[in-house]
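Colleague: Before I use this model, I would like to go through the reasons behind a few of its labels.

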Amino acid sequence: MAIVIFSDIENIDQWIDALKKEDPSVDVIHREEIKDNTFVEFALTWNYPHGLFREYPSVKTIMSMGAGVDHLVNDPLLPENINIVRIIDPTLSQDMFEFTLAVIMNRLRMLTHFHENQRQKIWKRKRYRRISDISIGVMGTGVIGNHIATQLHKTGFRVSGWSRTRGGSVPYNKLHGPFQLDDFLRNTDILICLLPLTPATEGILNRKNLETLPHGSWLINLGRGGHLVDGDLIELLDSNHLAGASLDVFREEPLPADHPFWSHPDINITPHIASLPDPWSVAPQIMENYRRTLDNRPLINVVDRKRGY
Ligand code: NAP
Ligand code: GLV
């Protein structure tokens with residue numbers, strides 16, 4: 001038996017090194033090294049083509065190489081008996097928080113604006129807003145969203161979170177469900193999307209919901225590109241209802257060269273980099289799920305395939 005990696009991510013050797021360091025007795029191989037497809041029971045994967053796992057009839061567990069599992073649960077050809085597990089990692093959540101804080105502080109203190117002025121040798125001061133002036137709304141207060149909302153609250157922002165269910169007690173204001181969505185949006189200056197992509201959340205960043213945000217709000221999308229209706233965002237920026245957007249995820253990645261987001265003056269683009277999983281940090285939980293798969297024991301960080309996350 002072996003851990004088989006189905007992915008072409010650029011640092012594949014680091015993942016293999018980290019897993020071998022965690023347990024040198026376990027074989028870790030790439031898909032191309034498989035000699036017999038019926039030998040694969042545990043797959044580690046990111047963005048494989050739909051239908052691929054029908055060719056591997058013995059697979060019991062597929063582990064996502066990231067927090068998101070839309071690439072797996074949205075595969076209509078994925079056999080139903082396969083368990084999906086994902087990464088839950090404090091380092092990854094903290095990386096997401098650090099990125100979010102950097103984006104927010106850049107916005108508050110207008111560093112990109114002053115950098116543009118520097119290029120034109122313009123010396124012009126502009127009044128800035130303080131942390132205590134800003135209401136943040138975190139859409140999706142799961143593992144990552146809750147960490148970000150809690151840290152932003154500790155940093156001094158007014159923070160509200162919104163999720164599907166009420167959940168347990170949290171230090172920030174918490175709303176949930178479709179009936180509280182408008183209330184949540186009406187009180188948000190900076191909206192951060194950290195939802196998983198499911199049929200219920202696809203297109204949730206649409207004209208109706210973005211229009212409910214106060215005039216001059218800012219959007220940060222760190223969830224998935226499918227949450228955003230691209231044309232609605234552009235119209236709301238052009239009509240000045242929204243002041244700007246920071247987008248890390250896109251319907252098509254890499255973002256096509258002719259996409260209007262590239263040249264929009266109020267959009268900041270990053271190449272899906274809010275966090276990158278650290279192979280050494282996540283290797284123990286991968287190895288744990290591998291052993292549990294071999295022993296037929298209950299897995300950790302299991303995804304509810306019906307719920308979609
Ligand atoms: P998670 O723990 O599964 O949390 C998901 C949250 O979304 C939960 O709070 C859930 O509500 C809420 N939710 C789901 N469906 C909803 C709906 N229909 N209405 C309202 N709320 C809903 O996921 P996570 O680990 O925090 O990750 C979230 C997402 O972040 C991932 O799926 C991925 O797309 C994205 N991500 C992006 C990057 C990046 O680099 N840009 C990196 C990592 C992850 P309940 O609490 O009520 O269940
Ligand atoms: C990245 O987008 C992830 O889901 O980990």
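**Ligand shell and pocket**

Modeller: A backbone N or O atom of Gly68 lies 2.7 Å from an oxygen atom of ligand 2. Keep in mind that the model is predicted.

Colleague: What makes that pair with Gly68 a polar contact?

Modeller: The cut-off for a pair of N or O atoms is 3.5 Å. The Gly68 pair is at 2.7 Å, so it counts as a polar contact. A backbone N or O atom of Ala67 is 2.8 Å from an oxygen atom of ligand 2, so this pair counts too. Arg224 contributes through a polar side-chain atom, 2.8 Å from an oxygen atom of ligand 2. The protein buries 86% of the 200 Å² that ligand 2 exposes when taken alone.

Colleague: Which residues surround ligand 2?

Modeller: Trp46, Gly66, Ala67, Gly68, Arg224 and His272.

Colleague: Why is this shell said to have two nonpolar, three polar and one charged residue?

Modeller: Trp and Ala count as nonpolar and Arg as charged, while Gly and His fall among the polar ones. Therefore Trp46 and Ala67 are the nonpolar pair, Arg224 is the charged residue, and Gly66, Gly68 and His272 are polar.

Colleague: What lines the second largest pocket, and how much space lies in it?

Modeller: About 410 Å³ of space lies there. Of its 16 lining residues, Arg107, Thr112, His113, Trp218 and Pro265 are the closest to its centre. By class, the lining has seven nonpolar, five polar and four charged residues.

Colleague: Which element gives the most to that lining?

Modeller: α4, with five residues. α3 (90–109), α4 (111–119) and β12 (267–269) each supply at least two.

Terms used
Residues numbered from 1 in each chain as written. Chains lettered and ligands numbered in written order. Predicted model: local features only at pLDDT ≥ 70, side-chain atom pairs only at ≥ 80, totals over all residues. Heavy atoms only, no water. Near = heavy atom within 4 Å. Polar contact = N/O pair within 3.5 Å; in protein donor to acceptor, adjacent residues only side chain to side chain. Areas by Shrake-Rupley, 256 points an atom, 1.4 Å probe, with all protein chains shown as cover. 1 Å grid on protein atoms, 1.4 Å probe; cavity = no way out; pocket = protein on both sides within 12 Å on 5 of 7 lines; lining within 4 Å. Points joined across faces, edges and corners; volume = space filled by probe spheres on them. Helix = DSSP H or I, 4+ residues; strand = E, 2+ residues; numbered from the N terminus.
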